[in-house]
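Let's take a friendly walk through a few local features of this model. The sequence and structure come first, and the notes follow.

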2 protein chains.
Amino acid sequence: MKSDVEIAMEATLKPISQVAEALGIQPEEYDPYGRDKAKLSLSLLDRIADRPDGKLVLVTAINPTPAGEGKTTTNIGLSMALNRLGKKAITTIREPSLGPVFGIKGGAAGGGYAQVLPMDDLNLQFTGDMEAIGAANNLLCALLDNSLHQGNPLGIDSQRVELRRVLDMNDRALRNIVIGLGKRSDGVPRESGFDITVACEVMAILCLTAGMDDLKARLARIVTSYNGDFDAVTAEQLEATGAMALLLKDAIKPNLVQTIDNTPAIVHGGPFANIAHGCNSVLATRMALKLGDYTITEAGFGADLGAEKFFDIVCPSAGFQPDGSVLVATVRALKYNGGQGVKELGTEDLDALGRGMANLERHVENLRSYGVPVLVAINRFPADTEAELALVRERCTAMGVRVVDSEVFAKGADGGIELANAVVEMCEHPTQPARFQPLYRPEQGLRASIERVAREIYRADSVHFTSLAESQLARLTKAGFGGLPVCIAKTQYSFSDDPHLLGAPTGFEITVRELSVRAGAGFVVAFTGNIMTMPGLPRHPAAAGMDIEADGTIIGLS
Amino acid sequence: MKSDVEIAMEATLKPISQVAEALGIQPEEYDPYGRDKAKLSLSLLDRIADRPDGKLVLVTAINPTPAGEGKTTTNIGLSMALNRLGKKAITTIREPSLGPVFGIKGGAAGGGYAQVLPMDDLNLQFTGDMEAIGAANNLLCALLDNSLHQGNPLGIDSQRVELRRVLDMNDRALRNIVIGLGKRSDGVPRESGFDITVACEVMAILCLTAGMDDLKARLARIVTSYNGDFDAVTAEQLEATGAMALLLKDAIKPNLVQTIDNTPAIVHGGPFANIAHGCNSVLATRMALKLGDYTITEAGFGADLGAEKFFDIVCPSAGFQPDGSVLVATVRALKYNGGQGVKELGTEDLDALGRGMANLERHVENLRSYGVPVLVAINRFPADTEAELALVRERCTAMGVRVVDSEVFAKGADGGIELANAVVEMCEHPTQPARFQPLYRPEQGLRASIERVAREIYRADSVHFTSLAESQLARLTKAGFGGLPVCIAKTQYSFSDDPHLLGAPTGFEITVRELSVRAGAGFVVAFTGNIMTMPGLPRHPAAAGMDIEADGTIIGLS
């Protein structure tokens, strides 16, 4: 089969004006970026605000494995297939982060014959949103260190700075640094570090905001640091709000592009799904809901992280009512979850598959607990055997969940027709109507919210708060943040906080080692385990294989 | 008078497609970025390569002062006035750097009624070129530190790394940092620092390149560091070339925008004028030369830095033959150069003005020494007195240089008609035809080139090389870089390397304290004095006064 970039380069794109027109978007409601990208003005949303919402479908997955699951590919292919069925469907996805493209990961705009295009721009700098977000965050950092340097009028404790600078690059050497060295005029020395851009609170804020006024209110609330009395020092106190908002004036606008089938895609924002909520922007999803019959969105990592945060953070904040969910799995990933080695995944192993199915089953139960209908999509690989597929079907049938094969990677929309029909049936003729409700009520307090997620989603026996976490819990509650929803930063590889406990582990404890408020985003992050917020490059970075010819031909982007 | 941003917001912009069409650019030769910006494809240059060049005029200035000179404003206003005279004139300017916008400086897209628009985008992230340049540089840094971390196969001496990371932000705390702290997996500890993006070699390369193949060849040659034997370790050895070029695939394309009069402007690249050559991209200037009757370009800082580098680095490399130059001064800046205090500049002071004129006179002599006709433009301020203006005219007449008032800031094109007529006369009916030749022949060696510039342009009595500079001179010459032109990094405030020696100092020595090769850009930087490559924020940053309303109204950008 051809590589992703080869397939992408062979596709025929429609002018983005035609894609916009087909959605009923007026010429003054978007700005073209090149011939095949556009930024949608927020005035569009004002005009169509009173329309009824289309159907909202969340694509999520089992716990990720090195074998790959294909969540984004399934999302995109499903939206293409729905269009074939005559439904006006829009895929909304996150913007890929640049840094990982040069590491191992390759692109993040789907794959095979289910891609969003132009894949090269999407995987590189696209319309500049990441850079604007990084600049807004880094301006705030520069203003903070400048305040320290210029006599520290806000009394910031230089050892209690929460904010870190960001770069959209995998750069491990920047994780832990000392800044402000040199002469007196070179600033105040202190320990700090860089995160990757998608990890910063500005990204989470952009993805949760309802518009420019709300954006400014959220930016103003960012807790950058604390003073000697442990009072929060906000972005507003650093007089950063207006300039940060100005930097985000275009980044706040969702980006319209198209799939390989020329159907619409809205790609906007891309926060981490551990230390943030892992979903594309609320503005993008809201636009899609008003413009189309079906909005297919997704949430980062597995359903324990991404779907939980979509249901417990995004939906209550945005007022979304999901109509259904699709849980993506591959036979390979299920077998890995059942203990098969990564190099043996091409070999049939019904025992491993049977054990791995427990992971899928738990995710199905969890999704159902939100009152959201669910179906399982098996993203097919050539090595999947009939016996393996039969076992998956048998176990799904036993728990009353519909399971459908998806071949959108190899066949595009043609490979997603059965899935699309199943989604239409789930949303339009459900056996049980969707009755969405979040798992917990945040006003019961941070401890209760964390324990609820840990026990009912992760299935932990108990939650241990370190003494540091206990003191932060008390302090954040006292400071008025006790009623915010919680965003649990946990390894994506396991239901537990131990990345090596695959499948459906039981009998474990979750340790919360630290808490930190994201007052602008509107949640409190609870850290479990070691969460990597600045990736590194591997021994053989993907960058080494990349090139561009004078005629524009791109090599090595996948 | 209204503020720059108010004037800009009231202007009526033409669709960029109309600006392109008026220049004879075909629709497939540009990509729109929004409604009022476009990126020009390099295929345009291929199509029009055989056309004769239009006239090339360099706008330069006396040594900069806190009083402001208005070089960019004069450049833009001159191009607008030339269009009024029926000449197809194109202004080519540098892209403003983002960092200083939040510090003291405000915008850098002209001022008053001589602006390039949209000024808000220009001063913010425009079409993303700075971010792409920063990403390419920072990818190279990440690959270098990753190579150190992954067993250091190239034997890089971690204390001989030349490359620094960049951010487009004024952030003094990043000038001197220690990176790679933490655990073993967090990289190799070493001292380093960040520069502002415009200071990196990738920016200089982008601005000197002839096209994609040349870009890759230049990127490959970047000297990142040295090994234990003092052999250079290049970007090519770090396998970074292709990925860096890929990141620059759009940044290499010049940006088409318009002036407040809807006349064309090409805005592309913006290297520093001390550690780099300080001019907009060669590709932008070349396109303008082929598309218009007149190309009005400029060079950073005063003529001792910017014009010298344009004539000695850019023109020989690009094959440009300048037809004339405009030396911009203000009465205020001349008086400051003559010793008047910055707060007294509104008061008539003929003595100070007389002393300050020596600065202007020396720049005129220098420009003439390149065989380029020159005229003086006095950028008028309301407080200029008749007696002061008469003195300026008298001194200019005495040395046979034409002097013209410019009021483009207050009056737009109407205020530049006299200047435009003078420029036409200079270029089309010169008293002495332009016979451009660079000051020195680089093949005579680095020492000879540096001494030539120091003696003939700066008027130093002698040049002192520190022992470090002496050893670097020997090493760079031995490594084959001895025939490159020199880029002297010197304070912009004085002809000397002491920023406090204003006017036309004599009897001084220039100290070269360090040399460093920019093998991709194709010059050797000679450092004199302390050159700031990462600005800081002031006590009251401009950022604090900035805002954007929900309706898009921008406040505080100037």
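Which strands does helix 7 of chain B lie across? In this predicted model, helix 7 (residues 129-149) of chain B lies across strand 7 and strand 12 of chain B. Relative to strand 7 of chain B, helix 7 of chain B runs at about 135°.

**The sheet in chain B**

Strands 7 and 12 of chain B belong to an open sheet of three strands, ordered 7-12-13, with antiparallel pairing. At the edges are strand 7 (156-161) and strand 13 (232-234) of chain B, each of which pairs on one side only. On average, and ignoring direction, neighbouring strands of this sheet are turned by 50° against each other. In general, strands of a sheet pair through backbone hydrogen bonds, in a parallel or antiparallel way. Here, strand 7 of chain B and strand 12 (residues 223-227) of chain B run antiparallel and are joined by two bridges. If you would like a spot to zoom in on, I156(B) stands opposite N227(B) in strand 12 of chain B.

**The annotated loop in chain A**

Moving to chain A, an unreviewed UniProt entry carries the annotation "binding site" for T65(A), P66(A), A67(A), G68(A), E69(A), G70(A), K71(A) and T72(A). Of these, A67(A) is found in the loop between strand 3 (55-61) and helix 4 (71-84) of chain A, and G70(A) lies in the loop between strand 3 and helix 4 of chain A. The table sets out their accessibility and their contacts, leaving aside neighbours within four places in sequence.

| Residue | Relative accessible area | Contacts |
|---|---|---|
| A67(A) | 10%, buried | R332(A), A333(A), L345(A) |
| G70(A) | 22%, partly exposed | V328(A), N379(A) |

Why does G70(A) count as partly exposed? Its relative accessibility is 22%, and buried would require a value under 20%. A67(A), with a relative accessible area of 10%, is buried because that value is under the cut-off of 20%.

**Helix 18 in chain A**

Helix 18 (residues 446-458) of chain A has 13 residues. From its first C-alpha to its last it reaches 17 Å, close to the 18 Å expected at 1.5 Å a residue. Which residues of helix 18 of chain A are buried? They are L446(A), S449(A), I450(A), V453(A), A454(A), I457(A) and Y458(A). These buried residues cover an arc of only 125° around the axis, so they are on the same side of helix 18 of chain A. After helix 18 of chain A comes R459(A), whose phi is positive, near 70°.

How values were computed. Residues are numbered from 1 along each chain as its sequence is written. Chains are lettered from A and ligands numbered from 1 in the order in which they are written. This is a predicted model: local features need pLDDT of at least 70, side-chain atom pairs count only at pLDDT 80 or more; totals for chains, interfaces and linings use all residues. Side-chain values use heavy atoms; hydrogens and water are left out. Two strands pair if DSSP finds at least two bridges between them. Helices (H or I, at least four residues) and strands (E, at least two) are DSSP runs, numbered from the N terminus. Axes are lines fitted to C-alpha atoms, for helices over the stretch in contact, and angles run from 0 to 180 degrees between N-to-C directions. Contact means heavy atoms within 4.5 Å. UniProt positions are given in the numbering used here, feature names are shortened, and annotations may be inferred rather than shown by experiment. Buried means under 20% relative accessible area, exposed over 50%, partly exposed in between (1.4 Å probe, protein chains only). The expected span of a helix is 1.5 Å times one less than its number of residues. The arc is that of the directions from the helix axis to the C-beta atoms.
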